[in-house]
Amino acid sequence: MNTLATSLQTYFTTFARTQRDLSSNTIASYRDTWRMLLKHLTATLGVPTERVDFDALTATNVTGFLDHLEHDRGNNAKTRNTRLTAIRAVLSRALPDHPEHAATITQVLAIPPKRATRPVIEFLTPEEVDVLLAAPDNQTWTGRRDYALLAMAVQTGLRISEICALTLNDIHLGAGPQITCTGKGRRQRSTPLTRTTVNTMKHYLAERAARPGTAMFCGPHGQALSRDALEHRLAKHLDTARTTSSSLAGKHVTMHTLRHTTAMNLLAGGVDIAVIALWLGHADTHSTDAYLHADMAIKQAAIERTRPPGVTPGNYHPEPSILAWLTAL
């Protein structure tokens with residue numbers, strides 16, 4: 001076993017779980033990154049995997065791997081940077097134990113993340129939410145379950161991983177109704193439920209009680225729904241909703257879009273951005289600031305404040321005679 005293999009085994013079996021206590025999702029992401037990196041180095045260097053050591057982890061080879069992800073596998077810059085973080089995490093831990101490879105490791109640690117264009121946040125309007133919630137068939141168990149799931153997701157803004165992990169013990173429908181979850185960084189938070197959501201969940205949970213298991217949103221046999229299952233159910237109902245809503249046809253909607261919708265609804269309601277960050281479980285307001293850029297109402301209000309004196313606020317509406325003349329052109 002070479003020094004790289006020893007470092008990888010130590011990191012994933014001892015350091016990541018025992019000392020850092022990283023989440024299973026983070027460990028899986030780091031593991032998959034190194035699996036792909038080792039396969040890439042084996043293919044490009046023409047050496048067996050067991051012979052790949054620290055001397056093969058040059059900045060040039062690692063950059064080549066990142067370029068391979070982006071150009072050959074079609075990964076975006078965000079995914080590329082996530083893979084780079086995984087490589088850095090292991091090498092940073094290995095550096096003190098292997099000073100003989102310090103120069104090579106330091107060069108890799110100095111590889112900068114790639115700048116990425118941040119897309120405009122996509123969210124649903126209240127009308128589109130109503131159409132989506134009307135899509136599930138309330139004559140079936142899965143339809144009633146999906147309606148409760150989507151209604152709760154839009155109101156609370158929980159991440160898809162948080163929804164999948166919910167159990168029956170995580171919801172409280174008495175005084176001060178709320179739902180509790182554990183989010184990123186193992187930060188626990190409680191999100192209040194509206195009266196409408198409480199009524200929806202009461203009806204759903206009364207029917208859910210006849211099924212086994214403790215997962216809040218479960219399959220026919222009581223098993224917890226996976227991320228893929230949630231996205232599949234959402235896609236099914238979107239297909240139905242798009243038949244009656246033309247605006248939904250041009251939107252790429254995922255479960256995370258429902259989380260964005262929650263944030264935009266709170267922002268439209270005048271909720272402070274710091275409170276929205278707490279609501280969504282963000283570590284700080286930097287992630288939440290993106291919703292300010294997506295809210296056209298805030299930008300429109302800013303324009304109204306810059307209008308010259310004497311100009312009537314609001315959008316221009318031509319006189320009927322002018323409109324008729326323009327239409328006749």
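**Figure 1. Helix 2 has the span its residue count predicts.** At 1.5 Å a residue, the 22 residues of helix 2 call for 32 Å, and the end C-alpha atoms of this predicted model lie 31 Å apart, so the two values agree. Buried positions along helix 2 include Ile27, Tyr30, Thr33, Trp34 and Met36. Leu37, Leu38, His40 and Leu41 are also buried there. Helix 1 (3-19), helix 3 and helix 4 are among the elements that cover these buried residues. Gly46 follows helix 2, with a positive phi near 70°.

**Figure 2. Asp21 takes a positive phi without being a glycine.** Asp21 sits in the loop between helix 1 and helix 2. The phi of Asp21 is near 55°. Most residues other than glycine have a negative phi. Asp21 has a relative accessible area of 40%, so Asp21 counts as partly exposed.

**Figure 3. Arg31 and Asp32 pair on helix 2's stretch of sequence, and Arg83 comes into contact with Asp32.** The side chains of Arg31 and Asp32 form a salt bridge, 2.9 Å from N to O. Side chains of opposite charge can pair when their charged atoms come close. Arg31 is partly exposed, at 46% relative accessibility. Asp32 is partly exposed too, at 21%. Arg83 belongs to helix 4 (residues 77-94). Arg83 is buried but makes no salt bridge. For Arg83, the nearest side chain of opposite charge is that of Asp32, 5.4 Å away. A salt bridge needs a separation within 4 Å, so the cut-off is not met. Beyond its neighbours within four places in sequence, Arg83 is in contact with Ser29, Asp32, Thr33, Met36, Leu66 and Leu69.

**Figure 4. Asp53 is a buried acid with no salt bridge.** Asp53 lies in the loop between helix 2 (24-45) and helix 3 (59-71). Which side chain of opposite charge is nearest to Asp53? That of Arg51, at 9.4 Å. Setting aside neighbours within four places in sequence, Asp53 is in contact with Asn2, Thr3 and Leu4.

**Figure 5. Salt bridges include a pair between a strand and a helix.** The whole structure holds 13 salt bridges. In one of them, the side chains of Arg93 and Asp97 meet at 3.2 Å, N to O. Arg93 is partly exposed, with a relative accessible area of 26%. In another, the side chains of Arg189 and Glu162 meet at 2.9 Å, N to O. Arg189 is in strand 3 (residues 188-192) and Glu162 is in helix 8 (residues 160-165), so this pair ties together parts 27 residues apart in sequence. Both Arg189 and Glu162 are buried. Elsewhere, salt bridges with shared partners link Asp67, Glu70, Arg80 and Lys114 into one network.

**Figure 6. Helix 7 is mostly covered.** Helix 7 (residues 141-156) has 16 residues. From first C-alpha to last, helix 7 reaches 22 Å, close to the 22 Å expected at 1.5 Å a residue. Of its 16 residues, 13 are buried. At the start of helix 7, a side-chain oxygen of Thr140 comes to within 3.0 Å of the backbone nitrogen of Gly143. Just after the helix, Gly157 has a positive phi of about 75°.

**Figure 7. Ser245 is buried in a loop.** The loop runs between helix 10 (227-241) and helix 11 (246-249). Ser245 has a relative accessible area of 7%, so Ser245 counts as buried. The side chains of Ser245 and Ser247 are joined by a polar contact of 3.2 Å. Leaving out neighbours within four places in sequence, Ser245 is in contact with Glu128 and Val131. Ala86 is 159 residues from Ser245 in sequence, and their C-alpha atoms are 42 Å apart in space.

**Figure 8. Confidence is highest in helix 7 and lowest in helix 15.** The protein has a mean pLDDT of 89, and 92% of its residues reach 70 or more. Helix 7 has a mean of 96. Helix 15 (residues 296-305) has a mean of 61. Where pLDDT is low, the predicted coordinates should not be read in detail.

Notes. Residues numbered from 1 in each chain as written. Predicted model: local features only at pLDDT ≥ 70, side-chain atom pairs only at ≥ 80, totals over all residues. Heavy atoms only, no water. Helix = DSSP H or I, 4+ residues; strand = E, 2+ residues; numbered from the N terminus. Expected span 1.5 Å × (residues − 1). Buried < 20%, exposed > 50% of the residue type's maximum accessible area, 1.4 Å probe, protein only. Polar contact = N/O pair within 3.5 Å; in protein donor to acceptor, adjacent residues only side chain to side chain. Lys, Arg positive; Asp, Glu negative; His and termini not counted. Contact = heavy atoms within 4.5 Å. pLDDT = per-residue confidence, 0-100.
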